[in-house]
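These are my notebook entries on a structure I looked through one element at a time. I wrote down what I looked up and what I found.

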Amino acid sequence: MTATTATTTTQVFRVHIKATPERIWEAITTPEWTARYGYRGPAEYDLKPGGTFRTMANEGMKAFGAPDVVVEGEVLEVDPPRRLVQTWRLLFDARQAAEPLTRVTWEIEPMSAEVARLTVTHELDNAPVHLSLITGETLEGGGGWPYILSDLKSLLETGTALMSEP
Amino acid sequence: MTEDDDLVFKALADPTRRHLLDRLLHRDGATLTELESELTMTRFGVMKHLRVLEDAGLVVTRRSGREKLHFLNPVPIRLIHDRWIDKYTERQVSALADLKAELENPS
């Protein structure tokens, strides 16, 4: 038997999107947009330091027994449309909810008049369940950040997400 | 096929660079010195390979104090996957992948 050891890990995900930083910011922070790509839960942000963040379950998630709030956290830093720092914890099941809050930093940098670069840095301390889900390594996680960012790029560039909308 | 895809395929078409990605997948956020110590290659050689991976977007670097840390970015591979494997074929492909895994790892 091995002792439980503390683990700190940082994961970085980056995508270039043909869109202005303002559009990308809106797509990240408003429920109308987050309901259209990735896992499609409407996200509610109180965009000020100390403000509440939560992603609500959509109908599909509820049908699978998800709680009303599926991701929770707190806004730490806000600098629209360039930088958003927040805590982040999944609540789909008890194993996720029992892990400590993780930390997500969103950075949006304009690369040209047409293209911006979105970088998501996810810091996870002692959160192995979260880690396996967000990297897209496990099938039950459904693709993690690579899937979310690919879908966001598709939606902003083509007007449609990768999967047809319910 | 876009220019970005060309860079990804070119970057992946080399065993040393795939080894570097595997290393970062296993333990992310490595310094050049750490990566160099695990390869029988000059520092300059490792830097050259990392540069190709960075240009393809497969490696992202961050500064942490005086150190430059290298992180694996899986998103470009996902973009290629999403473009060529549509949602119908994916199910068949994953069934085949499952079968392969099962046949290769009888337990």
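Entry 1, paired strands. I began with strand β3 (residues 52-56) of chain A in this predicted model, and I found that 5 bridges join β3(A) to strand β4 (residues 69-79) of chain A, the two running antiparallel. To fix the pairing in my mind I looked up one position, and A:Thr52 stands opposite A:Glu74 in β4(A). I then followed β4(A) to its other pairing, where 6 bridges join β4(A) to strand β5 (residues 83-90) of chain A, again in an antiparallel arrangement. The connection between β4(A) and β5(A) is a hairpin of 3 residues, and the bridge partner of A:Asp79 in β5(A) is A:Arg83.

Entry 2, chain A as a whole. I next looked up the elements of chain A, which come to 6 helices and 7 strands, and from the N terminus on they run β-α-α-β-β-α-β-β-α-β-β-α-α. Does the radius of gyration of chain A agree or disagree with that of a compact globule? With 166 residues such a globule would have a radius near 15 Å, and chain A has 16 Å, so I noted that the two agree. Along its principal axes the C-alpha trace of chain A spans about 55 × 35 × 30 Å. Buried residues make up 34% of the 166 residues in chain A, and among contacts between residues at least 6 apart in sequence, 47% join residues at least 24 apart.

Entry 3, the largest nonpolar core. This core has 44 residues, and those that touch the most other members are A:Ile17, A:Ile24, A:Leu118, A:Leu149, A:Leu152, A:Leu156 and B:Leu53. Helix α6 (residues 144-158) of chain A gives the most to this core, with 7 residues. I picked A:Ile24 for a closer look and, leaving out residues up to four places away in sequence, I found that A:Ile24 touches A:Ile17, A:Ala19, A:Pro81, A:Ile108, A:Ala116, A:Leu118 and A:Leu156.

Entry 4, where the chains meet. I looked up the contact between the chains, which takes 15 residues from chain A and 13 residues from chain B. On the side of chain A that touches chain B, β1 (8-17) and α6 of chain A each supply at least two residues, and β1(A) gives the most, with 7 residues.

Entry 5, two helices of chain B. Which residues of α2(B) are buried? They are B:Arg17, B:Leu20 and B:Leu24, and seen down the axis of α2(B) they fall within an arc of 55 degrees, so they line one face of the helix. I reminded myself that an α-helix has 3.6 residues a turn, so residues three or four places apart point the same way. On the other side of α2(B), B:Pro15, B:Asp22, B:Leu25 and B:His26 are exposed. The buried residues of α2(B) pack against α1 (3-12), α3 (32-37), α4 (43-55) and β2 (67-72) of chain B.

I also checked lengths at 1.5 Å a residue: the 12 residues of helix α2 (residues 15-26) of chain B should span 16 Å, and the end C-alpha atoms are 16 Å apart, which agrees. For α4(B), the 13 residues should span 18 Å, and the end C-alpha atoms are 18 Å apart, which agrees as well. Just after α4(B), I noted that B:Gly57 takes a positive phi of about 80 degrees.

Conventions: Residues numbered from 1 in each chain as written. Chains lettered and ligands numbered in written order. Predicted model: local features only at pLDDT ≥ 70, side-chain atom pairs only at ≥ 80, totals over all residues. Core = buried A, V, L, I, M, F, W, Y, C linked by C-beta atoms within 7 Å. Buried ≥ 20, exposed ≤ 12 C-beta atoms within 10 Å, placed from the backbone. Helix = DSSP H or I, 4+ residues; strand = E, 2+ residues; numbered from the N terminus. Contact = placed C-beta atoms within 7 Å. Rg over C-alpha atoms; globule rule 2.2 N^0.38 Å. Expected span 1.5 Å × (residues − 1). Arc of directions from axis to C-beta. Pairing = 2+ DSSP bridges.
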